[in-house]
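Here are a few notes to read alongside the model, written for someone opening it for the first time. Keep the viewer open and jump to each residue as it comes up.

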Amino acid sequence: MTETILYPPKCLYRTARPASRPQPHSLNMIGFGFDGTACFRKGTAIAPDAIRLVASDIESYSPYLDLDLEETAPFYDLGNLIVQQSGDAHQDYLATHERFLQLAGDLDFAAAGIKFLTLGGEHSISYSFVARYLQTFPDLVLLHLDAHADLRDEYQGYHYSHASIIRRCLDHFGPGHQLLQFGIRSGTKDEYVWMRENHTLAPSLDAFVAFIEGLPASRPIYLTLDLDYFDPAFLPGTGTPEPGGQDFFSFVRIIQALRHKNMVAADVVELSPPVDASGNSDVFATKVVRELILAFYREAKNER
Ligand SMILES: [Mn+2]
């Protein structure tokens, strides 16, 4: 008998179809509610189901992309990876990562056209997916929206910490891979020196959007979005808020540029519903997720 690796979602994402395996030539939503290394304010574990719940109550139409979830090609909601909770964050992360490999490890993401939209969880969960897509696509572009550089080699003793996620991804970088970051406004001096030397930090929104617009239409893109990219005035419900952040319209400009490109996967991490009792952060995050789902959509049928 095989181990159960997924919980069905408490409620299915609006307009999504249920599935228990990644579906080919499709977008696959999956929750990964791991929050073991979060250092300040925990709570991201319940974010995937919080987003699904809000999704049933917001408009399915995006005026920014002129697309409607009701009209776009089907996508699938796989539910949530079962997160081990032994109290040892490192072991718990690796055990859940193993479950992801059981679910998708034998699939050829490129040939089968398997696209993932992952709902965290804390940022460390991105590693499972980014490493896999880097391996799959030797010319992958990793776009990183975040308040934090996440380039530490380890944080508070954790190699796979949410504060070192981009460093862990860089471990898998080959010569054809490229990283561009935007929204970063917090890090160590060493992290800033590294970003300057390697030209990975876009100096402005215009520069970041122009970079996306300049990419060949076929170049595969992975977008990792830590919601603390947004200013805490707009989205206070994250574990490690930083003042001086971006607004929703900056994200609209980015998504409008991505709409015409080849996004192969994305993740949205660090929403912590208990931190914002008003629930506004959950709504904000859910609108962001709606725009992302629609940005995956391709006019030709079954090419999501
Ligand atoms: Mn962050």
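## Notes on the model

1. Start with the open space. The largest pocket holds about 320 Å³, and bear in mind as you look around that this is a predicted model. Its lining is made up of 15 residues, and those nearest the centre of the pocket are Tyr7, Gly33, Ala45, Asp49 and Asn80. Strand S3 (26–32), helix H1 (47–55) and strand S6 (75–81) are the elements that each give two or more residues to this lining. By character, the lining residues split into 9 nonpolar, 4 polar and 2 charged.

2. Next, go to the metal. Which residues hold the manganese ion? The protein donors are Asp146 (OD), His148 (ND1), Asp226 (OD) and, listed twice with OD, Asp228, at 2.2 to 2.7 Å from the ion. Along the chain, the donors follow the spacing D-x1-H-x77-D-x1-D. His148 sits in the loop between strand S8 (141–145) and helix H5 (165–170), and Asp228 in the loop between strand S10 (220–226) and helix H8 (248–258), so this pair ties together parts that lie 80 residues apart in sequence. Are these two buried or exposed? Both His148 and Asp228 are buried.

3. While you are at those two loops, look at a neighbour in each. Asp150 is in the loop between S8 and H5, and its phi is near 55°, a positive value in a residue other than glycine. With a relative accessible area of 5%, Asp150 falls under the 20% limit and therefore counts as buried. Tyr229 belongs to the loop between S10 and H8 and is buried too, at a relative accessible area of 0%. Measuring from C-alpha to C-alpha, Tyr229 and Gln246 are 6.3 Å apart in space, with their positions 17 residues apart in sequence.

4. Now the aromatic rings. The count comes to 19 aromatic pairs. One of them joins Phe32 and Phe129: the ring centres are 6.4 Å apart and the planes are at 65°, so the pair is edge-to-face. This pair links distant parts of the chain, with Phe32 in strand S3 and Phe129 in helix H4 (residues 126–136), 97 residues apart. Phe32 is buried, with a relative accessible area of 0%, and Phe129 counts as buried at 1%.

5. A second ring pair is worth a click. Phe100 and Phe116 have ring centres 5.9 Å apart and planes at 70°, so this pair is also edge-to-face. Phe100 comes from helix H2 (residues 89–104) and Phe116 from strand S7 (residues 114–120), 16 residues apart. Both of these residues are buried. Phe32, Phe129, Phe100 and Phe116 are among the residues that ring pairs link into a cluster, which also includes Phe34, Tyr93, Phe109, Tyr133, Phe137 and Tyr222.

6. Some rings have a charge over them. Which residue has its charged end over the ring of Phe109? Arg132 does, at 4.1 Å from the ring centre. Phe109 is part of the ring cluster as well. Elsewhere, Arg167 lies over the face of Trp194, at 5.2 Å from the ring centre.

7. A couple of backbone details deserve a look. The peptide bond from Gly120 to Gly121 is cis, with omega near 10°, and Gly121 is in the loop between S7 and H4. His25 has a positive phi, near 50°, although the residue is not glycine. You will find His25 in the loop between strand S2 (17–18) and S3. How accessible is His25? Its relative accessible area is 42%, which lies between the 20% and 50% limits, so His25 is partly exposed.

8. Last, Gly79. This residue is in strand S6, one of the elements that give two or more residues to the pocket lining. Gly79 counts as buried at 0% relative accessibility. From C-alpha to C-alpha, Gly79 and Glu122 are 17 Å apart in space, and they are 43 residues apart in sequence.

How values were computed: Residues numbered from 1 in each chain as written. Predicted model: local features only at pLDDT ≥ 70, side-chain atom pairs only at ≥ 80, totals over all residues. Heavy atoms only, no water. Donors = N, O, S within 2.8 Å, 3.2 Å for Na, K, Ca; no water. Helix = DSSP H or I, 4+ residues; strand = E, 2+ residues; numbered from the N terminus. Buried < 20%, exposed > 50% of the residue type's maximum accessible area, 1.4 Å probe, protein only. 1 Å grid on protein atoms, 1.4 Å probe; cavity = no way out; pocket = protein on both sides within 12 Å on 5 of 7 lines; lining within 4 Å. Points joined across faces, edges and corners; volume = space filled by probe spheres on them. Nonpolar A, V, L, I, M, F, W, Y, C, P; charged D, E, K, R; others polar. Phe/Tyr/Trp six-rings, centres within 6.5 Å; stacked < 30°, edge-to-face > 60°. Lys NZ or Arg CZ within 6 Å of the ring centre and 35° of its normal.
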